[in-house]
Amino acid sequence: MKHFDPEAVLGSVEELFWRQGVTSTGVQDIVTATGVNRSSLYATFGGKRELYVAALRRYADRRSGPVFRRLAEDERGLPAIADFFRALIGARCSGEHARWGCMVTNAHAGPEHDDPDVRAVLQEHHDRLRAAMCSALTRARDAGALRPGVVPAASADVLALLAYGVNLRSRAGASPEALGETVTAVLASLATRPEEIG
């Protein structure tokens, strides 16, 4: 019988890996953060690698997933994308997790991306982000809000890369104002008129 809640433990581990990165986090750090001994951790989750993959998947599903769904379902087009980036910059530059970056983006930049299970989570996350951007851009195009020649699928790739850039630059200390100006410039390059951005 377990004397701890595996879901709560995984939530603590997720925050630990997100804040410190996988290479800087040892098993003893996990024991200290969770209060669960090594043998119980190993028996429940496997080793550090399995814990990390489970935590990364949890982050992608619980933190990114709902945001992507909202964007994909939003009828407004470009204003929905602008709101997505405003919220992203706010989350990355202020509040409880300020300057932690995005756990998924951090994994893209770290050695852990060599692990095939990690790569699978990263690819799925990227596909969901790109699809949500493409949905919003398609709505914008259908409403006449995109410049002639702007292709939603290609621009969705650009905006996904911009999101990764916001995550990395915020972690390095970029100001929310500078990040916001970059986002505005990119969205303005797609819009028929500046007021379309919202």
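Reader: Is threonine 105 buried or exposed?
Author: Happy to start there, keeping in mind that this is a predicted model. Threonine 105 is found in helix 6. Its relative accessibility is 2%, and the cut-off for burial is under 20%. Threonine 105 therefore counts as buried.

Reader: Which side chain makes a polar contact with the side chain of threonine 105?
Author: Leaving aside neighbours within four places in sequence, threonine 105 is in contact with Tyr164, Asn167 and Leu168. The polar contact runs from side chain to side chain at 2.9 Å. The partner of threonine 105 is asparagine 167.

Reader: Which residues does methionine 103 touch, not counting residues up to four places away in sequence?
Author: Methionine 103 also lies in helix 6. With a relative accessible area of 2%, methionine 103 is buried. The residues that methionine 103 touches are Glu14, Phe17, Trp18, Tyr52, Ala55, Leu56 and Tyr59.

Reader: How far apart in space are methionine 103 and alanine 145?
Author: Along the sequence, these two residues are 42 residues apart. Taken C-alpha to C-alpha, the distance between methionine 103 and alanine 145 is 33 Å.

Reader: I like aromatic rings. How are the rings of phenylalanine 17 and tyrosine 52 arranged as a pair?
Author: Good choice! A search of the whole structure finds 4 aromatic pairs. In the pair of phenylalanine 17 and tyrosine 52, the ring centres are 5.1 Å apart and the planes stand at 90°. An angle over 60 degrees counts as edge-to-face, so the arrangement of this pair is edge-to-face.

Reader: How many residues apart in sequence are the parts that this pair ties together?
Author: Phenylalanine 17 belongs to helix 1 (residues 6-20), while tyrosine 52 belongs to helix 4. Phenylalanine 17 is buried at 2% relative accessibility, and tyrosine 52 is buried with a relative accessible area of 4%. Because the two rings sit in those two helices, the pair ties together parts whose separation in sequence is 35 residues.

Reader: Where do tryptophan 18 and tryptophan 100 lie?
Author: These two tryptophans form another aromatic pair, edge-to-face, at 5.1 Å centre to centre and 90° between the planes. Their positions are 82 residues apart in sequence, so the pair ties together distant parts of the chain's numbering. Both tryptophan 18 and tryptophan 100 are buried. Tryptophan 18 lies in helix 1, and tryptophan 100 in the loop between helix 5 and helix 6.

Reader: Which residues form one aromatic cluster?
Author: Two of its members are the tryptophans we just discussed. Written out in full, the cluster is Trp18, Tyr59 and Trp100.

Reader: What phi does arginine 99 have?
Author: Arginine 99 lies in the loop between helix 5 and helix 6. With a relative accessible area of 31%, arginine 99 is partly exposed. Although arginine 99 is not a glycine, its phi is positive, at about 70°.

Reader: How do helix 4 and helix 5 run, roughly parallel or roughly antiparallel?
Author: Their axes come within 9 Å and cross at roughly 150°. On the helix 4 side, the contact is made by Tyr59, Val67, Phe68 and Leu71, and on the helix 5 side by Ala80, Ile81, Phe84 and Arg92. Angles over 145 degrees count as roughly antiparallel. The two helices are therefore roughly antiparallel.

Reader: How far does helix 7 reach from its first C-alpha to its last?
Author: Helix 7 covers residues 116-142, which is 27 residues. At 1.5 Å a residue, the expected reach is 39 Å. The value in the model is close to that, at 38 Å.

Reader: Which helices are included in what covers the buried residues of helix 7?
Author: Among the buried residues of helix 7 are Val118, Leu122, His125, His126 and Cys134. Their cover includes helix 4, helix 5, helix 6, helix 8 and helix 9.

Reader: At the start of helix 7, which backbone nitrogen does a side-chain oxygen of aspartate 115 reach?
Author: The oxygen comes to within 2.7 Å of its partner. That partner is the backbone nitrogen of aspartate 117.

Reader: Finally, how many helices and strands does the protein chain have?
Author: Of its 198 residues, 45% count as buried. The C-alpha atoms fill a box of roughly 60 × 30 × 30 Å along the principal axes. The count for the chain is 9 helices and 0 strands.

Notes. Residues are numbered from 1 along each chain as its sequence is written. This is a predicted model: local features need pLDDT of at least 70, side-chain atom pairs count only at pLDDT 80 or more; totals for chains, interfaces and linings use all residues. Side-chain values use heavy atoms; hydrogens and water are left out. Helices (H or I, at least four residues) and strands (E, at least two) are DSSP runs, numbered from the N terminus. The expected span of a helix is 1.5 Å times one less than its number of residues. Buried means under 20% relative accessible area, exposed over 50%, partly exposed in between (1.4 Å probe, protein chains only). Contact means heavy atoms within 4.5 Å. A polar contact is a pair of N or O atoms within 3.5 Å; within protein, one must be able to donate a hydrogen and the other to accept it, and residues adjacent in sequence count only if both atoms are side-chain atoms. Rings of Phe, Tyr and Trp (its six-membered ring) pair if their centres lie within 6.5 Å; planes under 30 degrees apart count as stacked, over 60 as edge-to-face and the rest as tilted. Axes are lines fitted to C-alpha atoms, for helices over the stretch in contact, and angles run from 0 to 180 degrees between N-to-C directions. Angles under 35 degrees count as roughly parallel, over 145 as roughly antiparallel, 65 to 115 as roughly perpendicular and the rest as oblique.
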